Structures are given as C-alpha cells and as structure tokens.
Amino acid sequence: MKSFKLAAINALTLIIGLGLMSGSLSSKSAKAAKLESVPSIEVTQLGNYKGQYLTVLYAVGSRPFISTDASQLNISQVKESRTVYITGDTVTLPQVQVEKEGFRPSYNIVVFVVSPQQNYSWVNADGTSPQGMPKTANQLRNKINAINKSDVDSFIASKGDKAVLPVKLN
C-alpha cells in the first residue's frame with residue numbers, strides 16, 4: 001500500500017513538473033499588457049493660440065489641496081503624450097490607448113499645455129521631471145488646463161467610448 005501511495009505521489013509530481021516546464025500552468029503570468037482606451041478629444045477655444053503647439057499629457061499626477069490652478073499639478077509619470085500644431089479654433093485628438101500597470105491607474109489626469117515650441121516637457125514645481133517624459137529645454141507655456149480621469153469615465157459611461165469628448169481650453 002505504501003508503494004502505491006509513493007508511486008501516485010511520484011506520478012503527480014512528474015505530471016505537475018512537466019506541466020510547469022511546458023508552460024501550460026504558467027501561461028497566466030505571461031499576459032499581454034492591459035490597455036485602457038481614452039476617447040477622441042476635441043479641444044476648443046484655441047483661436048488665440050494659432051501657430052503654437054498643443055501638447056496633451058495622459059499622466060499620473062496630483063493636484064494641490066489649496067490651489068485649483070492647473071500649473072500647480074505635480075505629475076509623477078507621463079503614460080502617453082501627443083503634440084499637435086494649432087491651425088484653428090479647434091483641434092481633435094485621436095483615441096489613445098494607455099497601458100495599465102498592475103493595480104496602479106493607467107492615468108488619472110489629462111493635461112493640456114499650449115507652448116510656442118513643439119518639444120515641450122513638463123517640469124514640476126520642485127524641479128523634478130515626470131517619469132516617461134524626456135526632458136528638453138522647452139518648458140515655455142502659454143496656457144494649461146487639465147481634466148480628471150473621473151470626468152473622462154463619466155463621459156464614456158454616458159456617451160460611449162466612440163464619442164468625442166469636448167474640452168474647452170478656457
């Protein structure tokens with residue numbers, strides 16, 4: 001009877017070991033990155049900024065408790081960014097896929113920056129640069145605005161992810 005139990009244990013050990021080696025039991029750890037879709041965004045009231053650049057940052061950041069000024073944002077990580085040349089009063093940005101990392105948010109804020117130069121890079125008030133954004137000499141900005149991810153989520157819940165999210169740059 002003991003030899004039967006020992007043989008059964010050895011057989012199970014062999015089956016589990018072969019399963020692990022072949023990857024059939026470990027395939028769950030090799031999943032592709034999860035992406036979160038941000039709808040297309042239409043930014044309006046840009047007429048006074050013709051000839052400049054609009055940079056949109058899909059970022060992880062925080063707002064100060066006291067100030068509501070968007071220039072006081074502290075951005076720790078830029079997940080995605082898009083820069084477009086402003087030719088009129090309205091700019092429409094295409095839908096963006098932002099990668100999620102485990103339980104961390106894919107982004108929690110979308111920041112809109114108008115700069116006279118194309119290669120804008122964000123620098124926090126303490127002089128640090130966010131992870132994921134190359135540092136350039138251009139920190140010039142004429143206008144900053146931001147919306148929270150909760151605003152984007154509310155829009156998607158009511159209009160769907162194929163609708164265009166309107167944002168007024170006022």
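In this predicted model, Glu36 forms a salt bridge with Lys149, and the closest N and O atoms of the two are 2.8 Å apart. The pair ties together distant parts of the chain, since Glu36 belongs to strand E1 (residues 35-38) while Lys149 sits in helix H2, 113 residues apart. Both of these charged residues are buried; Lys149 counts as buried because its relative accessibility is 15%, which lies under the 20% limit.

Lys149 has another partner, for its side chain also meets that of Asp153 in a salt bridge of 2.9 Å, N to O. Asp153 and Lys149 both lie in helix H2, four residues apart, which is about one turn of the helix. Asp153, with a relative accessible area of 34%, is partly exposed. Through shared partners, Glu36, Lys149 and Asp153 are joined into one network of salt bridges.

The structure holds three salt bridges, and one of them pairs Arg82 with Glu80, with 3.1 Å between the closest N and O atoms. Arg82 counts as partly exposed at 30% relative accessibility, and Glu80 counts as partly exposed at 24%.

Helix H2 also leads to the nonpolar interior. The largest nonpolar core has 23 residues, and those with the most contacts inside it are Ile41, Leu46, Leu54, Val110 and Phe112. Among the elements that each supply at least two residues of this core are helix H2 (149-159), strand E3 (53-62) and strand E7 (109-115). A second, separate core of 13 residues includes Leu73, Val78, Trp122 and Ile144. Leaving aside neighbours within four places in sequence, Leu46 is in contact with residues including Leu54, Ile86, Val91, Val114 and Leu169.

Conventions
Residues numbered from 1 in each chain as written. Predicted model: local features only at pLDDT ≥ 70, side-chain atom pairs only at ≥ 80, totals over all residues. Heavy atoms only, no water. Core = buried A, V, L, I, M, F, W, Y, C linked by side-chain atoms within 4.5 Å. Buried < 20%, exposed > 50% of the residue type's maximum accessible area, 1.4 Å probe, protein only. Contact = heavy atoms within 4.5 Å. Salt bridge = Lys/Arg side-chain N within 4 Å of Asp/Glu carboxyl O.
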